[in-house]
Amino acid sequence: DAQVRIMWAKQNALGKHEKKLFVSRLRAYHGSSVAAGSLTGLAHVSGPAANTSLPVSAICAAHVRCPHYWRERLEGETEAEFSARGA
C-alpha cells in the first residue's frame, strides 16, 4: 500500500493525475492489503467471486501473464515454445 500511495503522490505532484496504472503479473503475491489484492489479479482475491465490499478494483492494474511453464503451458507445448509465446 505504501508504494501505491507514494507513486500516486509523485504523479499528482508532477501534474500527471491520470497516470496511475500499475503493471503486475498474474499470480504474483503482493501482500494482504486492499491494494495488494487488486495487484495480485486473482479472481478469488480481487474479482466478483471474492464477495467482499472492499474497493479492490480501485487500484488500476494491467496484468501480464505469469511466466510459469508448469501452470500456464498449452497442451503439448514445449518449454521453448512457451517461452517464445511469452516473449
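User: How many aromatic pairs does the structure hold?

Analyst: This predicted model holds 1 aromatic pair. The partners are Y69 and F82.

User: What makes Y69 and F82 an aromatic pair?

Analyst: Their rings lie 5.7 Å apart, centre to centre. Ring centres need to be within 6.5 Å, so the two count as a pair.

User: And why is the pair called edge-to-face?

Analyst: Happy to explain! The angle between the planes is 70°. Planes over 60 degrees apart count as edge-to-face, therefore the name applies here.

User: Where in the chain do the two rings come from?

Analyst: Y69 belongs to helix α4 (residues 69-72) and F82 to helix α5 (residues 79-86). The partners are 13 residues apart, and the pair links distant parts of the chain.

User: Why is F82 called buried, and what is Y69 called?

Analyst: F82 has a relative accessible area of 5%, and buried means under 20%, so the word fits F82. Y69 comes out at 25%; this lies between the 20% and 50% cut-offs, so Y69 is partly exposed.

User: How do you know that the charged end of R73 sits over the ring of Y69?

Analyst: The charged end of R73 is 5.2 Å from the ring centre of Y69. The distance limit is within 6 Å, so that part is met; the charge is listed as sitting over the ring.

User: Where is R73 placed, and which residues does it touch beyond four places away in sequence?

Analyst: R73 is in the loop between α4 and α5. Its contacts of that kind are H68, F82 and R85. R73 touches F82, the partner of Y69 in the aromatic pair.

Notes. Residues are numbered from 1 along each chain as its sequence is written. This is a predicted model: local features need pLDDT of at least 70, side-chain atom pairs count only at pLDDT 80 or more; totals for chains, interfaces and linings use all residues. Side-chain values use heavy atoms; hydrogens and water are left out. Rings of Phe, Tyr and Trp (its six-membered ring) pair if their centres lie within 6.5 Å; planes under 30 degrees apart count as stacked, over 60 as edge-to-face and the rest as tilted. Helices (H or I, at least four residues) and strands (E, at least two) are DSSP runs, numbered from the N terminus. Buried means under 20% relative accessible area, exposed over 50%, partly exposed in between (1.4 Å probe, protein chains only). A charge sits over a ring if NZ of Lys or CZ of Arg is within 6 Å of the ring centre and within 35 degrees of the ring normal. Contact means heavy atoms within 4.5 Å.
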